[in-house]
Each structure stands twice: as C-alpha cells, then as structure tokens.
Amino acid sequence: QVQLVESGGGLVQAGGSLKLSCAASVRTFSNYAMGWFRQAPGKERVFVTAISQSGYSTNYADSVKGRFTISRDNANTVYLQMNNLEPEDTAVYYCAASSTVRYPYKYDYWGQGTQVTVSS
C-alpha cells in the first residue's frame, strides 16, 4: 500500500511560482514512477507530468512544457516546480504513483490533492 500526501499549494499571482511536494509512504520508493495530474473546476482530471522510477525520464503535457519541472529525491518525495504560472493553471493538483515499468504509466495510488489558485 502506498500513501501519498501533497503539500505546497496556495494562492499566487500570475507570473509567480510555487513548488509542490508529494511525500510517499512506501517501502521502496524507487519501484514507482510518479506523476502529477490536475483538475480544474468543472473539468476532468488531466495529466501534467511524470517521472520514471530512476528519475532519468520525464514527460510533460504541452500546456506546461518549459514552465513546470518534475523531480524526485531519495527521501520518498516527488516535487513539481511551477514557474510563470497562469490563471489557467488554477486547479487541484494530485500526485500519483505507478508500478508500471514503461511510460505511459498506469497509476495505482493517488493523493488527496492540493489546491493551486493563480490570480490574474
């Protein structure tokens, strides 16, 4: 069983930055690829970015390329650095874990989400 807890959300002005964290309670963190998804009000949850088990491979949605960066450490945490934020980035951001070996990953575990609000 994997438990995921997101943190770091909040209110920021357009053009600003936020860094989200996701702490995973799991014996072997390196067995899991990790991803971030987001869900805006009235819309479906969509993929944002993913990072492989090793951390060497990353994937991004076109809407965030060049602005967002995913990373992971050896302390069971995955991060999402968000720069040059836009009002359209306003959403609840979810962390997810996958035991799938290759991208595209199928996610087995989800966090509860953290709210990000970008004001214009």
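**Figure 1. The whole chain follows the pattern β-β-β-β-β-β-β-β-β-β-β along the sequence.** The model is predicted. The protein has 11 strands and zero helices. Its radius of gyration is 13 Å, close to the 14 Å that the globule rule gives for 120 residues, so the protein is as compact as a globular protein of that length. Along the principal axes, the C-alpha atoms fill a box of roughly 40 × 25 × 25 Å.

**Figure 2. Burial, surface and contacts of the protein.** Of the 120 residues, 45% count as buried. The accessible surface comes to about 6,400 Å². Carbon and sulfur atoms contribute 45% of that surface. Among contacts with a separation of 6 or more, 56% are between residues 24 or more positions apart.

**Figure 3. An open sheet of four strands, in the order E1-E3-E8-E7.** Pairing in this sheet is antiparallel. Strand E1 (3–7) and strand E7 (68–72) stand at the edges. Each has a single partner strand, so one side of each is left without a neighbour in the sheet. Neighbouring strands are turned by 15° against each other on average, direction ignored. Strands of a sheet pair through backbone hydrogen bonds, either parallel or antiparallel.

**Figure 4. Close-up of the pairing between E7 and E8.** Which residues make up strand E8? Strand E8 covers residues 77–82. Five bridges join E7 to E8, and the two strands run antiparallel. One residue pair can be picked out here: phenylalanine 68 has methionine 82, in E8, as its bridge partner. In the sheet order, E8 stands between E3 and E7.

**Figure 5. The disulfide between cysteine 22 and cysteine 95.** The structure holds one disulfide. Its S to S distance is 2.1 Å. What is the handedness of the link? The angle about the S-S bond is -80°, and the link of cysteine 22 and cysteine 95 is left-handed. A disulfide is a covalent bond between the sulfur atoms of two cysteines.

**Figure 6. Surroundings of the two cysteines.** The pair links distant parts of the chain. Cysteine 22 lies in strand E3 (residues 18–25), and cysteine 95 lies in strand E9 (residues 91–98). The two cysteines are 73 residues apart. Are they buried or exposed? Cysteine 22 is buried, and cysteine 95 is buried as well. Strand E3, which holds cysteine 22, also belongs to the open sheet, where E3 stands between E1 and E8.

Notes:
Residues are numbered from 1 along each chain as its sequence is written. This is a predicted model: local features need pLDDT of at least 70, side-chain atom pairs count only at pLDDT 80 or more; totals for chains, interfaces and linings use all residues. Side-chain values use heavy atoms; hydrogens and water are left out. Two strands pair if DSSP finds at least two bridges between them. Axes are lines fitted to C-alpha atoms, for helices over the stretch in contact, and angles run from 0 to 180 degrees between N-to-C directions. A disulfide is a pair of cysteine sulfur atoms within 2.5 Å. Buried means under 20% relative accessible area, exposed over 50%, partly exposed in between (1.4 Å probe, protein chains only). The radius of gyration is taken over C-alpha atoms; the globule rule is 2.2 Å times the number of residues to the power 0.38. Contact means heavy atoms within 4.5 Å. Accessible areas come from the Shrake-Rupley method with a 1.4 Å probe; for residues, only the protein chains shown count as cover.
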